[in-house]
Amino acid sequence: MIIDTAKIKRRDNGDDNVIPLINIVFLMLIFFMVSGQVSKSDVVKTEPPKSVNDTRLSEQDSLDIIVTAEGVAYIGDVPVQIGDITSAIEKKLIEYVDLDNLSVRIKVDAELPVTELRSLLRQVRDAGLVRVSLITRLSERAS
Amino acid sequence: MLLDLDTVRTPARISLTPLIDVVFILLLFFMLSSSFSQWRQLDLPIPTAAKADAREVILVRLLDNDGTISIDGEQLSLMAGERLSEVIAARQGVFGIDVAEGVHTQSLVRLVDALKLAGAETVSLGGVLP
C-alpha cells in the first residue's frame with residue numbers, strides 16, 4: 001500500500017490546533033450565558049447582611065433604597081440626604097400608580113448601625129409606606 | 001490575454017480566527033456582566049396602631065456584635081445553640097428584639113436567624129422598628 005504522506009500534510013493547516021481552544025471557549029460562553037444573570041448593577045457597592053432566610057425577591061413594583069456603611073443613601077440611582085428620605089420618597093411616589101402594592105426594598109450594608117436603620121425605617125413609615133423588606137445575601141449556615 | 005485554464009482552483013478555506021475573536025468578545029462580555037449573587041428579602045412588617053398583638057412579649061436584647069443577648073435578665077451567647085433552644089422552648093409568645101447602641105445590622109439579622117432556627121415561632125422587631 002502506498003500512502004501519500006505529502007497529501008496528508010497539506011490538509012493539516014494552522015486552524016486545526018485551535019479547535020480544542022474553541023471548544024473550551026464555547027463551553028465557557030454557554031456556561032456564563034445560561035447560569036449568570038445580566039442585571040443592572042447598583043450605583044454604589046454594598047455588602048448586605050448574610051442570612052439563612054430564603055425568601056426570594058418579589059417581582060412586584062418596588063422602590064429601592066441603598067445605604068452604605070458610611071450612611072450615604074440613594075433612592076434608585078439618585079443620592080439623597082439621609083435626613084430627607086421622607087420628602088424624597090414622596091416626590092418619587094408620583095411616578096407610581098398602584099401604591100397599595102408598592103414595596104420598599106432596603107439594601108443596607110451589613111456594617112450599618114441599627115440606629116441608622118431605625119431612623120431610615122421611621123422615615124419610610126412617615127412617607128406612608130408599610131411594606132418594607134430588607135435585602136440579604138443567602139448564607140449556607142446560621143453563623 | 002493569456003488565460004490559465006488548466007490550473008485546478010483549490011477551494012478557499014474559511015479561517016477560524018475571526019470566529020474566535022467574536023466568541024472571545026462574547027465570552028468577556030458575559031463573564032464581566034453576569035452576576036451570581038443570590039439576593040433574598042427579609043420582610044419587616046411595620047406595625048400600625050390597628051394591629052395590636054395580645055400575646056406576651058418576651059424581650060430579647062442584643063448587647064453587642066459578638067452575639068451576646070439577654071432574655072429576661074439571663075445573658076447567653078448565640079454560639080450556645082442548645083442553651084438557646086432550651087430557653088426558647090421554655091417560653092411561649094412573641095420574641096421582641098431590642099438592640100443596644102452600636103450594634104451592626106449583620107448582628108441583628110444573625111439574631112433573627114438564630115431565634116428562628118432555635119424554634120421561635122414569632123419574632124418581632126418591635127424594639128427596632130419605629
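## Exercises on a two-chain predicted model

At 4% relative accessibility, B:Arg40 counts as buried. The model is predicted. The exercises below start from this residue and work outwards.

### Exercise 1. The salt bridge between the chains

Find the partner of B:Arg40 in its salt bridge, and say whether that partner is buried or exposed.

Solution.
Step 1. Look for the acidic partner. B:Arg40 forms a salt bridge with A:Asp54. The closest N and O atoms are 2.7 Å apart.
Step 2. Test the distance. The cut-off is 4 Å, so the pair qualifies.
Step 3. Classify both ends. A:Asp54 has a relative accessible area of 51%. The threshold for exposed is over 50%, so A:Asp54 is exposed. B:Arg40, at 4%, falls under 20% and is therefore buried.
Step 4. Count. Between chain A and chain B there is 1 salt bridge. Over all chains, the whole structure holds 7 salt bridges.

### Exercise 2. Salt bridges within chain A

Take the pairs A:Lys45 with A:Glu47 and A:Asp126 with A:Arg125. State the N to O distance and the accessibility of each partner.

Solution.
Step 1. A:Lys45 and A:Glu47 meet through their side chains at 3.7 Å, N to O. A:Lys45 is exposed, at 72% relative accessible area. A:Glu47 is partly exposed, at 37%.
Step 2. Place the interchain pair beside this one. B:Arg40 sits in strand E2 of chain B. A:Asp54 sits in the loop between E2 and strand E3 (62–67) of chain A.
Step 3. A:Asp126 bridges to A:Arg125, with the closest N and O atoms 3.9 Å apart. Both partners are partly exposed: A:Asp126 at 46%, A:Arg125 at 31%.
Step 4. Look for shared partners. A:Lys45, A:Glu47 and A:Arg137 are joined into one network by salt bridges that share partners.

### Exercise 3. The interface

Describe the interface of chain A and chain B by residues, area and composition.

Solution.
Step 1. Count residues. Chain A brings 54 residues into contact with 41 residues of chain B.
Step 2. Give the area. About 4,600 Å² is buried between the two chains. Carbon and sulfur atoms give 65% of it.
Step 3. Name the top contributors. A:Phe32, A:Val114 and A:Arg118 supply 12% of the area that chain A buries against chain B. No other three residues supply more.
Step 4. Count polar pairs. The interface has 15 residue pairs in polar contact, both residues being at pLDDT 80 or more.
Step 5. Assign elements. Those that give two or more residues to chain A's side include helix H2 (19–35), helix H4 (114–126) and strand E7 (132–138). H2(A) gives the most, with 10 residues.
Step 6. Sort by class. The side of chain A that touches chain B has 29 nonpolar, 13 polar and 12 charged residues.

### Exercise 4. Strands across the interface

Which strand of chain B pairs with E7(A), and in which sense?

Solution.
Step 1. The partner is strand E2 (residues 39–43) of chain B.
Step 2. The pairing is antiparallel, over 5 bridges.
Step 3. Fix the register with one pair. A:Ile135 stands opposite B:Gln41 in E2(B).

### Exercise 5. Two loop residues

Compare the settings of A:Pro49 and A:Thr46: locate each residue, classify it, then list its contacts beyond four places in sequence.

Solution.
Step 1. A:Pro49 lies in the loop between E1 and E2 of chain A. A:Thr46 lies in the loop between E1 and E2 of chain A.
Step 2. Buried means under 20%. A:Pro49, at 0%, is therefore buried. A:Thr46, at 10%, is therefore buried.
Step 3. List the contacts of A:Pro49. Within chain A they include A:Val108, A:Ala110 and A:Ile135. From chain B come B:Thr105, B:Gln106 and B:Val109.
Step 4. Check one of these pairs. A:Pro49 and A:Val108 are 59 residues apart in sequence, yet 7.8 Å apart in space, C-alpha to C-alpha.
Step 5. List the contacts of A:Thr46. They are A:Ile66, A:Val67, A:Thr68, A:Lys107 and A:Asp109.

### Exercise 6. Chain A as a whole

Summarise the fold of chain A: elements, order, burial and contact range.

Solution.
Step 1. Chain A has 4 helices and 7 strands.
Step 2. Along the sequence the order is α-α-β-β-β-β-β-α-β-α-β.
Step 3. Of its 143 residues, 37% are buried.
Step 4. Take contacts with a separation of 6 or more. Residues 24 or more positions apart account for 73% of them.

Technical notes. Residues numbered from 1 in each chain as written. Chains lettered and ligands numbered in written order. Predicted model: local features only at pLDDT ≥ 70, side-chain atom pairs only at ≥ 80, totals over all residues. Heavy atoms only, no water. Contact = heavy atoms within 4.5 Å. Buried area = accessible area lost by both parts, 1.4 Å probe. Polar contact = N/O pair within 3.5 Å; in protein donor to acceptor, adjacent residues only side chain to side chain. Nonpolar A, V, L, I, M, F, W, Y, C, P; charged D, E, K, R; others polar. Pairing = 2+ DSSP bridges. Buried < 20%, exposed > 50% of the residue type's maximum accessible area, 1.4 Å probe, protein only.
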